[in-house]
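Me: I have a predicted model open on my screen and would like a close look at one part of it. Could you walk me through the open sheet and the loops that go with its strands?

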Amino acid sequence: MRFLPILLVLLSSLVYVGWHIWTIVPLPVWCKWLLVGVMLLLFALEIVGFTPLMNRMPLGMSSFVYNVGNKTVIVLFYLLMAFLLLDLGRLVRIVPRSLLHDNWPATAVLAVLMVGIFVYASVHYHHKERVSLELDSGGRLQRPLTVVMASDLHIGYHNRRADLAGWVDMINAEHPDLVLVAGDIVDFSFRPVLEEDMAAEFRRLEAPVYACLGNHEFYAGEPDAERFYRDAGINLLIDSSVVVGGVRIVGRDDRTNRNRKSLSELVGGDSLYSIVLDHQPYHLEEAEQQGVDFQLSGHTHRGQVWPLSWVTDALYECSWGSHQRGATHYYVSSGLGIWGAKYRIGTQSEYVVAQIH
């Protein structure tokens, strides 16, 4: 029932966009019905993607359903914005009514625009930005450390083992001393992760890996996550801390667990340089109040596609990038991977290479 409002919004959008496509495309009626049928089929794939059927179909078919269904929703969203803008222009008499009725030039322009946007969005997603970060330990480290930081890998039906292998190669090329992951390593099901033995890719990482839980680990099943990360050689910190290379790394449980420990219970009273991994970047003032040196978060994806980035920017104190409160530094990552459609528009897929001096 919790998905019912979302489903109603999607259905309403589908009807609105479908009606506009019916009126703008100058094709015979049978062709228009064919277009409507294709739209309904693609939309049905999105619905199937949220059902138990995903784990019962062959892996290749499940991957196809997931990718096509989620891409359909993003394309629908951009068509919705385009037609709303055209309707607004018609209401204020800027756009002539004839532009939206049986008009080949308008149809061609809209089609080329959509294809161009989503070809760019796909290419842009697959390009991973390397973000450099300089951090000062205040002389508390015996030697400088190179730390690769990432979040939101969302491995699963869409980010497959081949994608993960490329990311592991990219991280190893940095020759890091540590790898830190701020949650959501898995998407929403461990079935594709286990069938493709993605743990073997993580074991190729040439530096110790420390991670905290994200909300998607809870969706996929927290006990399964703990078992998988042990098999993958990932040191999972759940409301706990560890000292590595003179750095205290604190991993908070995700705020999905309302009974997680407070940060004051987790931060040690020593003078070590401290890094907190906390998936969701809420209440950033807590790290400042506890004298934390650096906090890594993710979760927001910065909305993934524009203009949803405006929404996340409004919701969070910092929805992406570097931030500072007092002496505490933060980085909120937009994610190395992504959930849903593999599109980036106005945001970036990234990993952080931090030099702690």
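Reply: Happy to; here is a walk through that sheet, its loops, and then one more strand for company.

Keep in mind that this is a predicted model. The open sheet is built from 6 strands in the order E6-E7-E8-E9-E11-E10, and their pairing is mixed. Its edges are strand E6 (240-244) and strand E10 (321-325), each of which pairs on one side only. Between neighbouring strands of this sheet the turn is 20° on average, direction ignored. As general background, strands of a sheet pair through backbone hydrogen bonds, either parallel or antiparallel.

A good place to see the pairing is where strand E7 (residues 247-251) meets strand E8 (residues 273-277): the two run parallel and are joined by 5 bridges. If you want a residue pair to click on, try Val 250, whose bridge partner in E8 is Val 276.

Now follow the chain into the loop between E8 and helix H11 (285-289), where you will find His 283. The phi angle of His 283 is near 50°, a positive value in a residue other than glycine. Is His 283 buried, partly exposed or exposed? Its relative accessibility is 46%, so His 283 counts as partly exposed, since exposed would require over 50%.

The loop between strand E9 (294-297) and helix H12 (308-315) has two backbone features to look at. One is at Gln 304, which sits in this loop and has a phi near 70°, again positive in a residue other than glycine. Gln 304 has a relative accessible area of 8%, so it is buried, the cut-off being under 20%. The other feature involves Pro 307, also in the loop between E9 and H12: the peptide bond joining Trp 306 and Pro 307 is cis, with omega about 5°.

Finally, take a look at strand E12 (residues 349-356), which is mostly covered, with 7 of its 8 residues buried. Strand E1 (residues 128-135) pairs with E12 in the parallel sense over 8 bridges, and there Leu 133 stands opposite Ala 354 of E12. Strand E2 (residues 145-150) runs antiparallel to E12 and is joined to it by 5 bridges; in that pairing, Thr 146 has Gln 355 of E12 as its bridge partner. E12 therefore gives you both senses of pairing to inspect, parallel with E1 and antiparallel with E2, as strands of a sheet can pair either way.

Conventions: Residues numbered from 1 in each chain as written. Predicted model: local features only at pLDDT ≥ 70, side-chain atom pairs only at ≥ 80, totals over all residues. Heavy atoms only, no water. Pairing = 2+ DSSP bridges. Helix = DSSP H or I, 4+ residues; strand = E, 2+ residues; numbered from the N terminus. Axes fitted to C-alpha atoms, helices over the stretch in contact; angles between N-to-C directions. Buried < 20%, exposed > 50% of the residue type's maximum accessible area, 1.4 Å probe, protein only.
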